[in-house]
Amino acid sequence: MQYIQIGTRAYFRVLVSMLLGSLVTFAILYSPQPLIGTFTKEFHVSPSSASFIISFSTITLAVTMLFVSLLSNAWGRRGVMSVSLFVTSVLAMASSFSTNFHLLLAARLLEGVSLAGFPAIAMTYLNEEIEPRSIGQVMGFYVAGTAVGGFAGRVIISLITDFFNWHIAMFVLGLVSLLCSVMFWLYLPKSNHFKPVSISLHHWVDGFRNGFANTRLLCLYLIGFLLLGAYVTLFNYIDFPLSQPPYELSQTLIGCLFVFQLIGSWSSVWFGKLADRYSRAGLIASGLGMLLVGALLMLAGNVVFMITGMILFACGFFAGHTVASGWVGKAAPMRYKAYASSLYLLFYYTGSSLVGWSGGFFLSGFGWNGVIGMIIALIVVTALLLLYVTRSSRQERHGSEAKPTAL
C-alpha cells in the first residue's frame, strides 16, 4: 500500500482528524491551568497542591502510555485512539460534578489514564501512514494542533468560569469534546501499513529495553522532559503575577492571553519543515535561545514585555518539541519506533507533572522571580544535553564514514 501523499484528500482527512483529536486531548488535559489560582482560593490549598490538578493527569497519562502501546500493536491505531477520546470526554463531563478537591483529583487521575490512548499512538500512526520524506512537516502540523487544543480548552474554561462557574465550564468542554470525538472516528482514514502483533510481554519488555539502550535517544527523552517541564511551570503559575498588581487582570483576560501562546505554536509548523532540510541540533538550539529571551522578558514588570516574552517562550518550546520528537522517530530503529515514541512521551509528560509541581515551591518561596530562575536553570541543562547529543551524532556519523567498504 502506498503512503499518504501531501496534498491528497486522505492527507487532508488526516490533518483534520489529528486536529480534532488534539482538541479533545489537550483541551481537557490543560483546561484547568488558568484556574489554579481559583482552586487555591476555593479549596484552601497551596499553589503547588492546586497544580496537582494538572500533574495527576499528566503523570498517569505518561505511565499508561507504556501499556497502551502494547494494546495498539495488537488492536490497531484508529480504534484505540477513538475509544480514548470518547472515554475522556465522558470523564470530563463527570468531573464537573466534583464537590471537593479530592473528588476532582480522582476524576483528573482517571482522565489521565483515558487520555493515554491518543498522543503516543497518533505519532506512531503518522510515522506509519505518511510518506517518510514529509514526516517532519506533518509532525509540525500535529504539534500545532496540540497547541490549538490546549489554547481552546484554556479559553473556554476561563470565559465560562467568569460568566458562570468552573463546574459548568468543565461540563460544556466535555460535551464539545464528545462531538469532536465522534467526528474523529468518522473522518480518520483506516491504517494501511499497520500489521497486528499478538500481545507479548516479552516483545513489550524487549522494545522498551532497546528504547533505553540508546544513549542519544535517552538524552532526547530528557530534552522533552525539561522542555515541557519549563513550559508547564511558566503557564501553571503565570496567573499569579497577572492577577496581582500592577496587572490585576480578570480571569477572562488571563485566559485570552493564551492566544499569544497559540501564535507561538505556529513555529512548530515552520520548524517541522526546516527539520527535513537542516540540522536538528541547530534548530533546537534556536528554540532554546527563544525560551531564554522570553523568560528574561517576563521579569521586566511590564505587560507588553510580558506578552512578548510569552510569545517567544511559546515559539521556543514548540520549535524544540517538534524537532526533538521528530528526531526520536528518525533515530529509533524501525521495529522500535513505537516504543521510542512512547518513552519520549513518558519523559515528556513526567516533566510536565514533576517540574510543573516543583514550580509551586519556587513561587511560594521566592515569588515570580524564583519561578523564572528555575526555568532558566532548566534551559541551561537542556542545552548541555543537546551538546552531548550533537557530539554523539557527529562521532557516529564520522565512525560510519571511516568504515572500509567491501570490495
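Here are some short exercises, with worked solutions, on the predicted model shown above.

**Exercise 1. Find the residues with the most contacts inside the largest nonpolar core, and the helix that gives the most to this core.**

*Solution.*
- Step 1: Begin with the core as a whole. The largest nonpolar core has 132 residues.
- Step 2: Pick out its best-connected members. Met18, Leu126, Tyr142, Phe313 and Tyr349 have the most contacts inside this core.
- Step 3: Turn to the helices. Helix α18, residues 337-402, gives the most to the core, with 21 residues.
- Step 4: Zoom in on Met18. Not counting residues up to four places away in sequence, Met18 touches Met81, Phe118, Ala122, Tyr125, Leu126, Tyr142 and Leu188. Two of the names from Step 2, Leu126 and Tyr142, are among these partners.

**Exercise 2. Describe the nonpolar patch on the surface and place Val176 within it.**

*Solution.*
- Step 1: List the members. The patch is formed by Phe97, Leu159, Phe163, Phe164, Ile168, Phe171, Val172, Leu175 and Val176.
- Step 2: Add the area. Together these residues have about 850 Å² of accessible area.
- Step 3: Assign helices. At least two patch residues come from each of α8 (135-163) and α9 (166-187), and α9 gives the most, with 5 residues.
- Step 4: Check one member. Val176 is found in helix α9. Val176 counts as partly exposed because its relative accessibility is 37%, between the cut-offs of 20% and 50%.

**Exercise 3. Locate the salt bridge of Arg108 and decide whether its two residues are buried or exposed.**

*Solution.*
- Step 1: Count. The search comes to 1 salt bridge.
- Step 2: Name the pair. Arg108 bridges to Glu111, and their closest N and O atoms are 3.0 Å apart.
- Step 3: Place the pair. Both Arg108 and Glu111 lie in helix α6 (residues 101-115), 3 residues apart, or about one turn of the helix.
- Step 4: Judge exposure. Arg108 has a relative accessible area of 2%, so Arg108 is buried. Glu111 has 1%, so Glu111 is buried too.

**Exercise 4. Work out where Ser31 sits and which residues are in contact with it.**

*Solution.*
- Step 1: Find the element. Ser31 lies in the loop between α1 and α2 (36-42).
- Step 2: Judge exposure. Ser31 counts as buried because its relative accessibility is 3%, under the 20% cut-off.
- Step 3: List the contacts. Neighbours within four places in sequence aside, Ser31 is in contact with Phe26, Gly153, Arg154, Ile157 and Leu173.

**Exercise 5. Consider two C-alpha separations, Glu128 to Ser191 and Gly7 to Leu345.**

*Solution.*
- Step 1: Take Glu128, found in helix α7 (residues 119-129). At 18% relative accessibility, Glu128 counts as buried.
- Step 2: Follow the chain for 63 residues to Ser191; the C-alpha atoms of Glu128 and Ser191 are separated by 8.2 Å.
- Step 3: Now take Gly7, in the segment before α1 (9-30). Gly7 is exposed because its relative accessible area is 67%, over the 50% cut-off.
- Step 4: Give the second separation. Gly7 and Leu345 are 338 residues apart along the chain, with 29 Å between their C-alpha atoms.

**Exercise 6. State how many disulfides the whole structure holds, then judge Cys219 and Cys315 as buried or exposed.**

*Solution.*
- Step 1: The search finds 0 disulfides.
- Step 2: Cys219 has a relative accessible area of 8%, so Cys219 is buried.
- Step 3: Cys315 has 16%, so Cys315 is buried as well.

Key: Residues are numbered from 1 along each chain as its sequence is written. This is a predicted model: local features need pLDDT of at least 70, side-chain atom pairs count only at pLDDT 80 or more; totals for chains, interfaces and linings use all residues. Side-chain values use heavy atoms; hydrogens and water are left out. A nonpolar core is a set of buried Ala, Val, Leu, Ile, Met, Phe, Trp, Tyr and Cys residues joined through side-chain atoms within 4.5 Å. Buried means under 20% relative accessible area, exposed over 50%, partly exposed in between (1.4 Å probe, protein chains only). Helices (H or I, at least four residues) and strands (E, at least two) are DSSP runs, numbered from the N terminus. Contact means heavy atoms within 4.5 Å. A disulfide is a pair of cysteine sulfur atoms within 2.5 Å. Patches are made of residues with over 30% relative accessible area and no salt bridge: like charges are joined within 9 Å, nonpolar side chains (Val, Leu, Ile, Met, Phe, Trp, Tyr) within 5 Å. Accessible areas come from the Shrake-Rupley method with a 1.4 Å probe; for residues, only the protein chains shown count as cover. A salt bridge is a side-chain nitrogen of Lys or Arg within 4 Å of a carboxyl oxygen of Asp or Glu.
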